[in-house]
Amino acid sequence: MTTTAATPGTRRTTAAGHRPAARGPFAGTGALLRFDLRRDRVRLPAWVLGLGLLTLGTANSLHTVYPTAADRASIGHASANPAVLAMTGPRHYLADYTWGAMLGHRMLGLTVVLVALMSILTVTRHTRAEEETGRAELVRSAAVGRHAHLAAALATAAAADLALGLLLAAGLPGLGVPGLTTGGALLYGAALATAGLLFAAATAVTAQATAHTRTASGLALAVLGAAYAVRAAGDAADSALAWASPIGWLQRTYPFVDDRWWPLLPALALTAAVAAAGFGLSTRRDVGAGLRATRPGPPTGSAALGTPLGLALRLHRGLIGGFATALLLLGAMYGSLLGNADSMLKDVDQIREALARLGGHSLADSFAALTMLVVAVVGAVYAVLAMLRPRAEETAGRVEPVLATAVSRAGWLGGHIAAALIGSTAVLLAAGAGFGIAGAASTGDGGEFLRLAGAALAFAPAQWVTVGFAAAVYGWLPRATALAWLLPAYGFVIGYLGPLLRFPEGLDRLSPFGQVPRLPAAAMDWTPLAVLTLVAAALIALGLAGFRRRDLDTG
């Protein structure tokens with residue numbers, strides 16, 4: 001019997017003298033793919049059905065709400081201003097605003113972002129998260145090739161992307177809405193599937209750069225945000241800048257309008273190149289490590305790290321900083337439009353009527369109130385992500401050693417809740433600062449800064465309710481933390497699609513964001529803010545009680 005050392009390029013022999021079968025870099029991909037699909041048997045179908053039903057429901061509602069050509073022409077005219085084009089898509093859709101053109105213009109860009117988010121989370125969950133928890137190294141000790149984990153993760157994301165594309169390709173023509181052709185529906189679904197594949201490939205690269213799951217996700221989300229911002233700037237100015245973004249390429253397929261298939265080709269070529277880069281980079285690092293070495297910390301930690309709140313703030317600071325920067329820029333973008341709100345909207349009857357329902361002495365005030373709601377709902381995404389961190393710490397097994405010390409369960413979870421409350425308030429202040437600075441500059445009135453910053457801060461109790469709801473779900477139903485997304489998702493759908501689809505006005509009152517006074521258009525009312533604060537406190541207490549009474553879940 002002979003054996004050789006397990007060095008690159010050598011072959012091993014078994015005790016009987018037989019060489020084992022050669023193991024390629026993709027060996028075991030099929031088994032891992034089946035395992036990944038088994039783990040996501042609830043999560044991915046929920047994503048696909050949710051996005052599919054959102055699109056199908058919107059298409060059917062457009063047909064009902066805007067039944068005549070005059071209605072569609074009116075909303076098309078309302079969509080021609082730069083602020084709306086930045087949030088929707090290219091002006092070319094407005095040339096003949098059929099129901100199909102409306103769907104492509106209003107929903108394609110939004111759904112691309114959501115599909116990309118699904119792919120980003122899927123790839124990081126099955127690659128970097130597996131390495132961070134040590135499971136990937138255990139699996140790799142078996143007959144599994146080096147690229148199997150990444151290939152299976154990309155295949156899992158691709159399966160969800162293609163399933164959504166096929167669902168929409170089959171479902172949209174089945175609605176019976178004139179203009180929703182089979183060819184256009186197939187292109188619409190293909191564009192969304194391509195978006196998912198592209199950002200899954202981008203995540204395959206970011207997962208190699210860092211040893212931490214949240215950083216990998218954050219980098220991929222930053223790429224998505226940059227692509228969306230470039231597209232928005234290009235469409236708002238009606239310039240070629242939008243072609244610098246792959247999201248701009250996909251929107252310029254113009255499903256149900258021109259049915260262009262060729263913009264998918266550069267997107268697919270970029271996807272293949274980026275995915276190949278991800279596989280190549282994975283060979284340049286060790287399992288569990290990133291291409292960028294982790295910076296060593298100081299020899300002694302800060303005294304604050306010895307407290308639950310100090311530790312939680314240290315863990316949350318990257319997320320707080322990222323969201324604060326993003327909302328500062330988002331608020332500044334909307335604030336820069338404030339000085340031109342009257343001229344942009346003076347001839348658009350539908351938007352003027354919608355804004356008039358908010359009250360206010362001017363269109364600028366009403367426009368600020370409406371856009372501030374959208375910014376606040378985006379900020380609620382931070383609140384949920386912050387409250388998902390305790391769950392990640394628990395499943396990774398890092399909670400038990402902390403609780404083995406003098407730290408109580410309520411103290412540990414309370415630290416994370418306090419960090420989420422502080423962070424959610426901080427990101428709102430950043431949004432208000434951006435909105436106030438840009439708004440004051442665009443209107444030439446320095447007094448606007450305090451008014452607009454105060455309007456953003458008024459949403460803090462609604463953010464606290466979001467934190468409390470997520471804490472209650474985590475405390476009592478740790479395996480169902482996805483339910484924490486209900487509040488921001490509902491607020492986004494009502495805030496973004498409500499004005500377009502003319503939802504009943506009472507629906508927004510079911511969201512904590514709908515209870516906030518619409519400053520600066522409306523007068524300040526402290527009663528709903530006090531009630532929201534009490535609701536948040538009750539939900540937080542409920543979450544702490546649940547966490548004290550249940551066992552830790554490390555599986």
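What is the handedness of the crossing of helix 2 and helix 8? The points below take this up, then turn to other parts of the predicted model.

1. Helix 2 and helix 8. The crossing is right-handed. Helix 2 covers residues 43–65, and its axis lies 10 Å from that of helix 8. The packing angle is about 25°. Angles under 35 degrees count as roughly parallel, so helix 2 is roughly parallel to helix 8.

2. Alanine 159. This residue sits in helix 8, which spans residues 148–174. Its relative accessibility is 33%. Partly exposed lies between buried, under 20%, and exposed, over 50%; alanine 159 therefore counts as partly exposed.

3. Alanine 159 and leucine 37. In sequence, 122 residues separate the two. In space, their C-alpha atoms are 9.0 Å apart.

4. Helix 18 and helix 20. Helix 18 runs over residues 409–443 and helix 20 over residues 460–476. Their axes come within 9 Å, crossing at roughly 150°. The cut-off for roughly antiparallel is over 145 degrees, so helix 18 is roughly antiparallel to helix 20. This crossing, too, is right-handed.

5. Nonpolar surface patch. Trp476, Leu477, Leu483, Leu486 and Leu542 make a nonpolar patch on the surface. The patch measures about 470 Å². One of its members, leucine 486, belongs to helix 21, residues 486–501. Another, Trp476, carries a number that falls within the range of helix 20, residues 460–476.

Key
Residues are numbered from 1 along each chain as its sequence is written. This is a predicted model: local features need pLDDT of at least 70, side-chain atom pairs count only at pLDDT 80 or more; totals for chains, interfaces and linings use all residues. Side-chain values use heavy atoms; hydrogens and water are left out. Patches are made of residues with over 30% relative accessible area and no salt bridge: like charges are joined within 9 Å, nonpolar side chains (Val, Leu, Ile, Met, Phe, Trp, Tyr) within 5 Å. Accessible areas come from the Shrake-Rupley method with a 1.4 Å probe; for residues, only the protein chains shown count as cover. A salt bridge is a side-chain nitrogen of Lys or Arg within 4 Å of a carboxyl oxygen of Asp or Glu. Helices (H or I, at least four residues) and strands (E, at least two) are DSSP runs, numbered from the N terminus. Buried means under 20% relative accessible area, exposed over 50%, partly exposed in between (1.4 Å probe, protein chains only). Axes are lines fitted to C-alpha atoms, for helices over the stretch in contact, and angles run from 0 to 180 degrees between N-to-C directions. Angles under 35 degrees count as roughly parallel, over 145 as roughly antiparallel, 65 to 115 as roughly perpendicular and the rest as oblique. A crossing is left-handed if the near helix is turned anticlockwise from the far one by less than a right angle, and right-handed if clockwise.
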